[in-house]
Amino acid sequence: MAIVGAGVTGCSCALTLADAGLRVRVHEAREVAGGASGRNGGFALRGAATPYDVARAELGERAASLWRLTEGALERLAGLAGDAFRRTGSLRLAADREEAESLRAEYEALRDDGFEVDWRPELNGRLAGRFHGAIFHPPDGSIQPARWVRRLAVQAAEAGAEIREHDPVTALEELDADQVVLATDGYTHGLLEMLDRAVKPARGQVVVTEPLGEEYFACPHYSRHRYDYWQQTPDLRLVLGGFRDTAPEEESTAEEATTPGIQARLESFARELVGRAPKITHRWSGIFGVTEDRLPLAGLMPGYDGLWVACGYSGHGNVLGLACGDLVASAILARPAPELHLFDPERRL
Ligand SMILES: Cc1cc2nc3c(=O)[nH]c(=O)nc-3n(C[C@H](O)[C@H](O)[C@H](O)COP(=O)(O)OP(=O)(O)OC[C@H]3O[C@@H](n4cnc5c(N)ncnc54)[C@H](O)[C@@H]3O)c2cc1C
């Protein structure tokens with residue numbers, strides 16, 4: 001068994017396979033969590049990139065299965081991550097009246113289908129007067145991304161998986177394995193042309209401030225149709241990302257670089273959020289993979305024997321990646337879960 005990519009997906013897949021006694025080798029071009037899994041905003045959210053009410057319109061009853069799957073994955077993450085996970089809930093904020101209406105529709109759909117969810121019409125503290133209501137999602141949480149995924153990799157290695165860092169795969173033919181899993185998300189490029197066409201790279205940029213000395217934001221916050229997101233770390237730094245929609249062409253790239261335009265917007269937003277200009281101590285960017293319907297591709301590659309894929313979370317892969325890595329591993333172990341059909345690559349390839 002060979003897995004390409006040691007982010008959350010590859011490590012999750014490796015853990016399930018190694019736990020079942022299979023010989024697994026993970027090839028990682030850089031280090032464990034060197035891709036998006038170690039560069040993201042640390043939001044551990046249920047669901048997918050699409051709001052629940054929209055997913056329900058598109059997928060029917062399968063939307064509820066998808067959300068339940070990710071709630072289960074969040075539970076699993078909480079058990080595996082130790083103190084790299086905090087169950088804080090998350091706050092999805094409306095930046096204007098129009099977004100408040102969309103959020104209200106999403107809230108009602110979740111509530112009607114029996115999901116735990118709160119509506120917050122009034123916001124206080126640094127949010128007062130700026131946002132127009134919010135959904136609070138109690139099951140969600142916050143992760144320290146690289147720490148969590150390294151911990152997952154250690155568990156996979158302890159179960160018997162071999163993880164080879166600094167080992168880029170340049171062609172599938174070089175892998176001496178009867179089953180191969182591509183877990184490369186936004187870094188998918190050059191191994192399979194049909195996958196390159198279906199999963200497009202998108203860049204996200206992040207800034208981190210000095211510790212702020214005070215807790216303004218007790219959980220992950222996100223607004224403007226999820227484009228902007230921020231939270232505070234346990235040492236009270238502000239981690240803030242977003243604004244990729246302000247330069248959509250420039251940010252549709254696989255180049256890991258920060259740009260003056262987006263960085264300036266992030267700095268200015270950090271100033272607005274905390275009411276002064278905090279010192280920026282870290283900046284970075286990362287790449288995630290986007291599919292046309294914003295659902296991942298997970299399962300057997302059509303037309304290929306023993307070639308599997310799990311990628312394309314469209315910016316929402318911290319929990320879905322854990323779930324999809326495990327779903328693909330379970331299918332390889334001949335115990336496929338019904339939820340795998342939600343992500344069938346055939347629909348896009
Ligand atoms: C800035 C940013 C913020 C984000 N914020 C959030 C968030 O708050 N919440 C959320 O749920 N999601 C978020 N995401 C998305 C999330 O990080 C990803 O969906 C998730 O980490 C994908 O995990 P993965 O293991 O599938 O891929 P990755 O973690 O990207 O891992 C893929 C790995 O494959 C390796 N690789 C690629 N090609 C090869 C090759 N040929 N040979 C060997 N190795 C190879 C890469 O080096 C990489 O390490 C964010 C993404 C970014 C970039």
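The exercises below, each with a worked solution, concern a predicted model.

**Exercise 1.** Determine how helices α3 and α9 are oriented to each other, and which residues form their contact.

*Solution.* Begin with the axes: those of α3 (residues 62-81) and α9 come within 9 Å and cross at roughly 95 degrees. Angles of 65 to 115 degrees count as roughly perpendicular, and α3 and α9 are therefore roughly perpendicular to each other. Turning to the residues, α3 contributes Leu69, Thr70, Ala73, Leu74, Arg76 and Leu77, which meet Val319, Leu320, Leu322 and Ala323 of α9. Sorted by class, this contact of α3 with α9 comprises eight nonpolar residues, one polar and one charged.

**Exercise 2.** Describe the open sheet of eight strands, naming its edge strands and the link between β5 and β12.

*Solution.* The strand order is β6-β7-β5-β12-β13-β14-β11-β15, and the pairing is mixed. At the edges lie β6 (118-120) and β15, each of which pairs on one side only. Ignoring direction, neighbouring strands of this sheet are turned by 20 degrees against each other on average. Within the sheet, β5 (residues 90-93) and β12 (residues 221-223) run parallel and are joined by two bridges, and Leu91 stands opposite His221 in β12.

**Exercise 3.** Characterise the shell of residues around the ligand by its nearest members, contributing elements and residue classes.

*Solution.* Among the 42 residues around the ligand, those that come nearest are Gly5, Gly7, Gly35, Gly204 and Gly317. The elements giving two or more residues to this shell are α1 (8-19), β11 (200-211), β15 (280-290) and α9 (317-332). By class, the shell divides into 21 polar, 17 nonpolar and four charged residues.

Note on methods:
Residues are numbered from 1 along each chain as its sequence is written. This is a predicted model: local features need pLDDT of at least 70, side-chain atom pairs count only at pLDDT 80 or more; totals for chains, interfaces and linings use all residues. A residue is near a molecule or strand if its C-beta atom, placed from the backbone, lies within 6 Å of it. Helices (H or I, at least four residues) and strands (E, at least two) are DSSP runs, numbered from the N terminus. Ala, Val, Leu, Ile, Met, Phe, Trp, Tyr, Cys and Pro count as nonpolar, Asp, Glu, Lys and Arg as charged, and the others, Gly among them, as polar. Axes are lines fitted to C-alpha atoms, for helices over the stretch in contact, and angles run from 0 to 180 degrees between N-to-C directions. Angles under 35 degrees count as roughly parallel, over 145 as roughly antiparallel, 65 to 115 as roughly perpendicular and the rest as oblique. Two residues are in contact if their C-beta atoms, placed from the backbone, lie within 7 Å. Two strands pair if DSSP finds at least two bridges between them.
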